[in-house]
Amino acid sequence: MSLALTPEETRLLAGDQGEGMALAMRVITETARLMGASRLVPVVSAHIDGALYHGDSGTLFAEHLVRLGAKLAIPTTLNVGALDLACGAKTRLPPHQHDMAYRMMRAYEAMGCAPTWTCAPYQAGHRPAFGSDVAWGESNAVAFCNSVLGARTNRYGDFLDICCAMTARAPYYGLHIPENRRAVFALDCSGLSPSLRNSDVFWPVIGTLFGQRAGTDIGVVLGLEGCATEDRLKAFGAAAASAGAVGLFHILGETPEAPDLATVTGGQDIPVVPVTAAMLNAARAGLSTTGETAIDAVAIGSPHCSAEELLELDRLIAGRRLTRPFYACTGRHAVAELEAAGRRRALEQAGVTLVADTCVVVTPILDGVKGVLMTNSGKFAHYAPGNTGYAVQYGAMAECVESAVSGRLVREERLWS
Amino acid sequence: MTFPALTPLLPGEASGPVLQLSAPLSFWGGVDPATGRITQVRHPDCGRTIGGAILCLPATIGSSSSSAVLLELIRLGIAPAALVMGTPDAILMIGCLVAREMGWAAPPAFALDPAGQALMPGAARIDAGGNVSPLS
């Protein structure tokens with residue numbers, strides 16, 4: 001299949017609007033060709049995952065775009081950077097890396113991106129309409145955008161995202177095409193206990209299991225009607241997108257493209273796998289990488305905590321003093337809400353370090369590189385060992401709080417039996 | 001013995017040891033951008049280095065920042081010699097496309113299904129047409 005461009009797209013590619021735009025069009029059209037797209041599709045918003053420092057190359061590319069006069073054509077938010085510019089959490093980057101990370105963040109702001117600096121832009125006011133085509137990066141944001149909002153995006157990698165934001169176009173393939181959004185397999189949770197399905201700690205585990213099964217396939221989860229909340233869907237998607245290449249998931253009766261089985265499957269028969277307690281426990285065991293019960297630090301907030309989750313943390317701490325470092329990663333939008341609720345000071349006095357604009361797994365914030373990190377996030381559990389050197393224990397937010405008070409692992413097993 | 005022919009995605013020639021990953025990998029959170037070493041502790045090939053290898057990936061998963069990790073490996077001269085992918089993955093190939101825009105030499109990319117990947121020799125030369133010959 002060959003790629004057909006409109007006359008306007010051909011002019012942009014030829015440099016009609018400058019070399020920055022031409023570069024963006026080259027990257028987009030080449031990607032379109034590689035992925036077998038027949039045309040480009042207009043997109044109405046973008047979320048940029050490319051502003052996190054991984055080495056000088058990303059900074060050099062961003063500054064190259066700025067020098068070429070890059071300007072954005074559509075509303076665009078920013079995912080996390082490598083520095084906390086809002087709450088001042090200390091990043092232990094050496095001076096050169098710190099400087100390059102800062103330059104990178106400023107370069108993306110200079111192009112006109114909104115300085116949201118969050119991996120949960122959908123909780124910071126960026127919520128594209130159902131059925132609209134967008135270009136988002138960051139695997140959890142992509143999963144939420146497709147699955148919960150019903151907008152359409154592929155998993156746009158770093159750098160393609162900013163090219164889409166500059167041109168207001170994306171290659172038309174994959175999840176932009178309605179027929180590709182149907183479920184081809186189902187996981188059935190109806191045999192699990194209602195109390196488990198209704199607990200926050202269940203959702204990253206079933207998300208992990210879903211991601212392992214899915215790979216790049218689209219699936220639907222049955223038996224969770226009435227159990228989902230926005231933060232649970234957020235946690236599910238982040239875990240699924242870490243364990244697999246999940247850009248879209250469906251929860252029957254909860255997500256907008258899955259009102260019933262016939263709709264979400266397009267009327268096709270699909271294999272239905274019953275989820276057993278044994279499968280779930282295997283997925284849960286895989287989220288922890290140690291049997292060690294001394295806890296050295298706790299991190300929550302991947303994806304970034306909502307204001308509701310921060311207020312829940314405040315309630316769970318209940319005026320006690322945490323004895324272990326406790327990092328709550330969040331966006332400046334949620335910090336502002338926490339301040340408006342008058343609870344920021346209490347949370348910090350209890351021993352919580354608020355980390356905004358970034359998180360402890362993408363940039364060196366944690367002290368030392370040895371020990372056990374407890375988390376309620378399937379995504380942190382997946383990435384923390386490789387990125388931070390910490391071993392991981394997975395548990396509910398309440399269990400994270402109790403463990404941070406006592407310094408020893410506190411975890412309730414009864415729910416899972 | 002005949003070897004499988006690869007489908008060129010981003011054309012080019014490559015030679016080097018063949019590293020066949022036995023499980024899907026996310027470059028971000030899975031490969032150290034400063035050294036090219038696999039750091040994902042749950043990955044069966046954790047500890048191996050991908051620099052200079054003809055890297056056979058059955059599938060890619062996870063982060064959309066994998067393109068940024070690959071771009072950094074390319075800039076540092078420690079990228080794989082070639083990417084051989086079970087399914088063409090846009091995220092990784094964007095790392096190569098941006099490298100070319102920056103004037104940095106990017107590895108070629110080829111498509112080959114996992115069954116074909118299993119037939120690759122231990123070290124190989126791949127020509128621009130995707131033909132494989134073993135390196136002794």
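User: Helices (H or I, at least four residues) and strands (E, at least two) are DSSP runs, numbered from the N terminus. How many helices and strands does chain A have?
Analyst: This is a predicted model, in which local features need pLDDT of at least 70 and side-chain atom pairs count only at pLDDT 80 or more, while totals for chains, interfaces and linings use all residues. Residues are numbered from 1 along each chain as its sequence is written, and chains are lettered from A and ligands numbered from 1 in the order in which they are written. The count for chain A is 16 helices and 14 strands.

User: What is the radius of gyration of chain A?
Analyst: The C-alpha trace of chain A spans about 65 × 55 × 35 Å along its principal axes. For 417 residues the globule rule (2.2 Å times the number of residues to the power 0.38, with the radius taken over C-alpha atoms) gives 22 Å. Chain A is close to that, so it is as compact as a globular protein of that length, at 21 Å.

User: In what order do S2, S3 and S4 of chain A lie in their sheet?
Analyst: Strands pair here if DSSP finds at least two bridges between them, and S2 (residues 46–48) has three bridges to S3 in chain A. A:Ile48 stands opposite A:Leu78 in S3(A). The edge strands, each paired on one side only, are S3 (76–78) and S4 (135–136) of chain A. The sheet is open and parallel, in the order S3-S2-S4.

User: Which helix of chain A lies across S2, S3 and S4?
Analyst: Contact means C-beta atoms, placed from the backbone, within 7 Å. The angle to S2(A) is about 145 degrees, on a scale from 0 to 180 degrees between N-to-C directions of lines fitted to C-alpha atoms, for helices over the stretch in contact. The helix covers residues 160–167 and is H6.

User: Is A:Lys370 buried or exposed?
Analyst: A:Lys370 sits in the loop between strands S12 (352–356) and S13 (372–375) of chain A. Its C-alpha atom is 6.1 Å from that of A:Gly389, 19 residues away along the chain. A residue is buried with 20 or more other C-beta atoms within 10 Å of its own, exposed with 12 or fewer, and partly exposed in between. A:Lys370 has 10, so it is exposed.

User: What pattern does chain B follow along its sequence?
Analyst: Of the 136 residues in chain B, 51% are buried, and its C-alpha atoms fill a box of roughly 40 × 35 × 25 Å along the principal axes. Chain B has three helices and seven strands. Read along the sequence, they give β-β-β-α-β-α-β-α-β-β.

Conventions
Two residues are in contact if their C-beta atoms, placed from the backbone, lie within 7 Å.
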